[in-house]
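Visitor: I would like to learn how to read a model like this one, feature by feature. Where should we begin?

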Amino acid sequence: MGVKGDTSSQDGALAVELLVGKLGVIDGISTKKMFGGYGIFHNGKMFGIVDSKGQYFLKVDDRITPDFLAKGAFQHSRMPYYSIPDDVFEDHETLINWAKKSISLNN
């Protein structure tokens, strides 16, 4: 989630609260502190990350990575998670659609 040894920051805590609020229309969302950031889960399976700096990331695969790249997303380290660009984060419908696509990767 964050850099090894980082501790959770106020930025991360506020960011995870904001993201969970925006995803509230999706049942089964939960969070867990992990490695200085937070894991975002749907029915116990991780599909998102909020790092210690408050940056948002969603799980991707080869099918949905192009959608993320087209909006200017960047990869989180070597993990299969890409950032949520600001314009997507602010567009509730698009954010929910992206989250649902990430969640579907766990099924």
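Visitor: In which sense do strand 1 and strand 2 pair, and over how many bridges?

Guide: First, a caution: this is a predicted model. Now the pairing. Strand 1 and strand 2, residues 37-42, run antiparallel and share six bridges. To see the register, find Met 34, which stands opposite Gly 37 of strand 2.

Visitor: What is the strand order of the whole sheet?

Guide: Read a sheet by its order, then by its edges. Here five strands form an open sheet in the order 1-2-3-4-5, with antiparallel pairing. Strand 1 (29-34) and strand 5 (81-83) are at the edges. Each has a single partner strand, so one side of each lacks a neighbour in the sheet. From one strand to the next, the twist averages 30°.

Visitor: Which strands does helix 1 touch?

Guide: Look for contacts, then for direction. Helix 1, residues 10-22, packs on the sheet and touches strand 1, strand 2, strand 3 (45-50) and strand 4 (56-59). Its direction makes about 20° with that of strand 2.

Visitor: And which strands does helix 4 touch?

Guide: Helix 4 also packs on the sheet, with contacts to strand 1, strand 2, strand 3, strand 4 and strand 5. The direction of helix 4 makes about 45° with that of strand 4.

Visitor: Which residues of helix 1 are buried?

Guide: Take burial next. Gly 12, Ala 15, Val 16, Leu 19 and Lys 22 are the buried residues of helix 1. Viewed down the helix axis, they fall within an arc of 125°, so they line one face. The face turned away from the buried side carries exposed residues: Gln 10, Glu 17 and Gly 21.

Visitor: What covers the buried residues of helix 1?

Guide: The cover includes strand 1, strand 2, strand 3 and strand 4, along with helix 3 and helix 4.

Visitor: What span should helix 1 have, and how far apart are its end C-alpha atoms?

Guide: Use the rise per residue. At 1.5 Å a residue, the 13 residues of helix 1 should span 18 Å. The end C-alpha atoms of helix 1 are 18 Å apart, which agrees.

Visitor: Which residues are buried in helix 4?

Guide: Apply the burial reading again. The buried residues in helix 4 are Leu 95, Ile 96, Trp 98, Ala 99, Ser 102 and Ile 103. Down the axis of helix 4 they fall within an arc of 165°, so they too line one face. The span check works here as well. Helix 4 (residues 92-104) has 13 residues, which should span 18 Å, and its end C-alpha atoms are 18 Å apart.

Visitor: How many salt bridges does the structure hold?

Guide: Three. For each pair, read the N to O distance, then the exposure, then the places in the chain. Asp 61 pairs with Arg 63, with the closest N and O atoms 2.4 Å apart. Asp 61 is partly exposed at 21% relative accessibility. Arg 63 is exposed at 64%.

Visitor: Which parts of the chain does the pair of Asp 67 and Lys 101 link?

Guide: Their side chains meet in a salt bridge at 3.3 Å, N to O. The pair links distant parts of the chain: Asp 67 sits in helix 2 (residues 65-70) and Lys 101 in helix 4, 34 residues apart. Asp 67 is partly exposed at 34% relative accessibility, and Lys 101 is partly exposed at 32%.

Visitor: Where do Asp 87 and Lys 71 lie?

Guide: Their side chains form a salt bridge at 3.5 Å, N to O. Asp 87 is in helix 3 (residues 86-90) and Lys 71 is in the loop between helix 2 and strand 5, so the pair ties together parts 16 residues apart in sequence. Asp 87 is partly exposed at 43%, and Lys 71 is partly exposed at 41%.

Visitor: Which residues does Gln 55 contact, leaving aside its neighbours within four places in sequence?

Guide: Locate the residue, then look past its neighbours in sequence. Gln 55 is in the loop between strand 3 and strand 4. Beyond four places in sequence, Gln 55 is in contact with Ile 49, Val 50 and Phe 74. Gln 55 and Ser 83 are 28 residues apart in sequence, yet their C-alpha atoms are 7.2 Å apart. At 33% relative accessibility, Gln 55 is partly exposed.

Visitor: What is the phi of Phe 35 near?

Guide: Start from the general rule. Most residues other than glycine have a negative phi. Phe 35 has a positive phi, near 50°. Phe 35 lies in the loop between strand 1 and strand 2, and is exposed at 61% relative accessible area.

Visitor: Where does Asn 43 lie?

Guide: In the loop between strand 2 and strand 3. Asn 43 has a positive phi, near 50°. Asn 43 is exposed, with 56% relative accessibility.

Conventions
Residues numbered from 1 in each chain as written. Predicted model: local features only at pLDDT ≥ 70, side-chain atom pairs only at ≥ 80, totals over all residues. Heavy atoms only, no water. Helix = DSSP H or I, 4+ residues; strand = E, 2+ residues; numbered from the N terminus. Expected span 1.5 Å × (residues − 1). Buried < 20%, exposed > 50% of the residue type's maximum accessible area, 1.4 Å probe, protein only. Arc of directions from axis to C-beta. Pairing = 2+ DSSP bridges. Axes fitted to C-alpha atoms, helices over the stretch in contact; angles between N-to-C directions. Contact = heavy atoms within 4.5 Å. Salt bridge = Lys/Arg side-chain N within 4 Å of Asp/Glu carboxyl O.
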